[in-house]
Amino acid sequence: MSVLSGVDLHAGYRGRTVLHGVDLDFGPGLHLLLGPNGAGKTTLFRVLAGVLPPSRGRVLIQGRDPHARPEAKRLVGVAAHRPALAPRLSAADNLRYWTRVLALPAADRDRRVREVIDLLDLGSIADQRADTLSRGQTQRVGLAKALLAEPPVLLLDEPTAAVDPAVAARLRDQLRGLAAAGHTILVSTHELAEASDLADDVTVLHRGRVAARGAPSTLREQLVGHGYRLRLRGTGDLAGALRRLGYPAEPATHDRLLVDVPDEDTVETLVADLVRAGVGIREVTPAGNALEDVYLHLQEGASADAG
Ligand SMILES: Nc1ncnc2c1ncn2[C@@H]1O[C@H](COP(=O)(O)OP(=O)(O)OP(=O)(O)O)[C@@H](O)[C@H]1O
């Protein structure tokens, strides 16, 4: 069941196009939008939320276009990367203020504030002034704000970026709970650990385009192919050394390589050849840490384009 979709979305800022034709389609559940810094994740969220109009293409939320029908914006709750809270108001008063901005029925406002405070375990900081909250606490208040109107769709921009591992784990549990309750949740992140941990459905955004979508393990195959990752000692001409040895690999970063080899025997030969060629080897990892390879692959493409 499609709840949130985007077709051929183009968008940008003052003549500069950031999204170059993004197609997306999400149903209820937890979905991740993974992309390196600057990939266009925040821009895409602004377009999906009905805030930034696309120059081309269309957004549909439960069949309604938020850019054509502003009331459809109510179907989306957005938690910004750095939520803007009124500094002098308490966390709870910030939430109360937002119930008015969202035009929730007056009779429901206090109840909803209490509910989101309970749901996100914010009781101990509810009366604390916003400007005294830690970044992680601020982020959780931002998430509470996104939930106030009980929207079917949640767009969460790097919700665990500023929180410690224990809080992040709790937040992930809460997100899983919301997904199980029927929300369609899209979480953006550039953190690989987060992506492998949180959801099986990952969309990779790269340079304003969807580079791939799938479970972490299948993404690797789509983008990188089969292979092994080698971490080498030294920053010499690794690509040159490999070419001379006849291996189709390219450096992904200064001391790492992605090597596409069909089997273990070839890896053994490769390692022996590299050692003979004087290249030190620190680590050989089979295709397991899928998303890290995907990222290295994207970086590799980006630096090749830049050069
Ligand atoms: N308000 C703006 N005006 C002009 N350019 C912008 C604006 N916001 C973002 N950009 C540019 O659009 C591109 C995509 O930015 P965006 O914030 O969407 O990426 P992102 O994937 O969310 O990155 P990050 O992971 O760093 O948050 C970047 O090159 C950025 O400089």
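Two strands are taken to pair if DSSP finds at least two bridges between them. On that basis, six strands of this predicted model form an open sheet in the order E5-E6-E7-E3-E8-E9, with mixed pairing. Strand E5 (76-79) and strand E9 (209-214) are the edge strands, each pairing on one side only. From one strand to the next, the twist averages 20°. The sheet belongs to a protein chain with 10 helices and 13 strands. Of the 307 residues of the chain, 38% count as buried. Among contacts with a separation of 6 or more, 68% come from residues 24 or more positions apart.

A walk along the sheet may begin at E5. This strand and E6 run parallel and are joined by four bridges, with Ala79 standing opposite Leu156 in E6. On to E7, the pairing is again described as parallel, and five bridges join E6 to E7. Here the bridge partner of Asp157 is Ser188 in E7. At the other end of the sheet, strand E8 (residues 202-206) and E9 pair in the antiparallel sense over five bridges, and Leu205 has Val210 in E9 as its bridge partner.

Strand E6 deserves a second look. Five of its five residues are buried. Val153, Leu155 and Asp157 point one way from the strand, while Leu154 and Leu156 point the other way. This arrangement can be set beside a general pattern: in a regular strand the side chains alternate between the two faces of the sheet.

Two helices can be placed against this sheet. Helix H1 lies across strand E3 (29-34), E5, strand E6 (153-157), strand E7 (184-189) and E8, and runs at about 155° to E6. Helix H4 lies across E5 and E6, at about 170° to E5. H1 is mostly covered, with seven of its eight residues buried: these are Lys41, Thr43, Leu44, Phe45, Arg46, Val47 and Leu48. After H1 comes Gly50, whose phi is positive, near 85°.

H1 also figures in the surroundings of the ligand. The shell consists of Tyr13, Val18, Gly35, Asn37, Gly38, Ala39, Gly40, Lys41, Thr42, Thr43 and His190. With three residues, helix H1 (residues 41-48) gives the most to this shell. Sorted by class, the shell has three nonpolar, seven polar and one charged residues.

Turning to the interior, the largest nonpolar core has 56 residues, and those with the most contacts inside it are Ala91, Leu95, Leu155, Leu156 and Val187. Helix H4 (residues 135-147) supplies the largest share of this core, five residues. Apart from it lies another core, of 10 residues, among them Leu230, Leu232, Leu238 and Leu242. Such grouping fits a familiar tendency: in soluble globular proteins, nonpolar side chains tend to be buried together. As for Ala91, once its neighbours within four places in sequence are left aside, this residue is in contact with Leu122, Ile125, Ala126, Gln128, Ala130, Leu133 and Val141.

There is also a sheet of three strands, open and antiparallel, in the order E2-E1-E4. Strand E2 (16-26) and strand E4 (56-61) stand at its edges with a single partner strand each, so one side of each is left without a neighbour in the sheet. Neighbouring strands of this sheet are turned by 25° against each other on average, direction ignored. Strand E1 (residues 4-13) and E2 pair in the antiparallel sense over eight bridges, one such pairing being that of Ser5 with its bridge partner Asp25 in E2.

Finally, two residues other than glycine catch the eye through their backbone angles. Asp8, whose place is in strand E1, has a positive phi near 50°. With 13 other C-beta atoms within 10 Å, Asp8 is partly exposed. Glu150, found in the loop between H4 and E6, has a positive phi of about 50° although it is not a glycine. This residue is partly exposed because 14 other C-beta atoms lie within 10 Å of Glu150, a count between the limits of 12 or fewer for exposed and 20 or more for buried.

Note on methods: Residues numbered from 1 in each chain as written. Predicted model: local features only at pLDDT ≥ 70, side-chain atom pairs only at ≥ 80, totals over all residues. Near = placed C-beta within 6 Å. Nonpolar A, V, L, I, M, F, W, Y, C, P; charged D, E, K, R; others polar. Core = buried A, V, L, I, M, F, W, Y, C linked by C-beta atoms within 7 Å. Contact = placed C-beta atoms within 7 Å. Axes fitted to C-alpha atoms, helices over the stretch in contact; angles between N-to-C directions.
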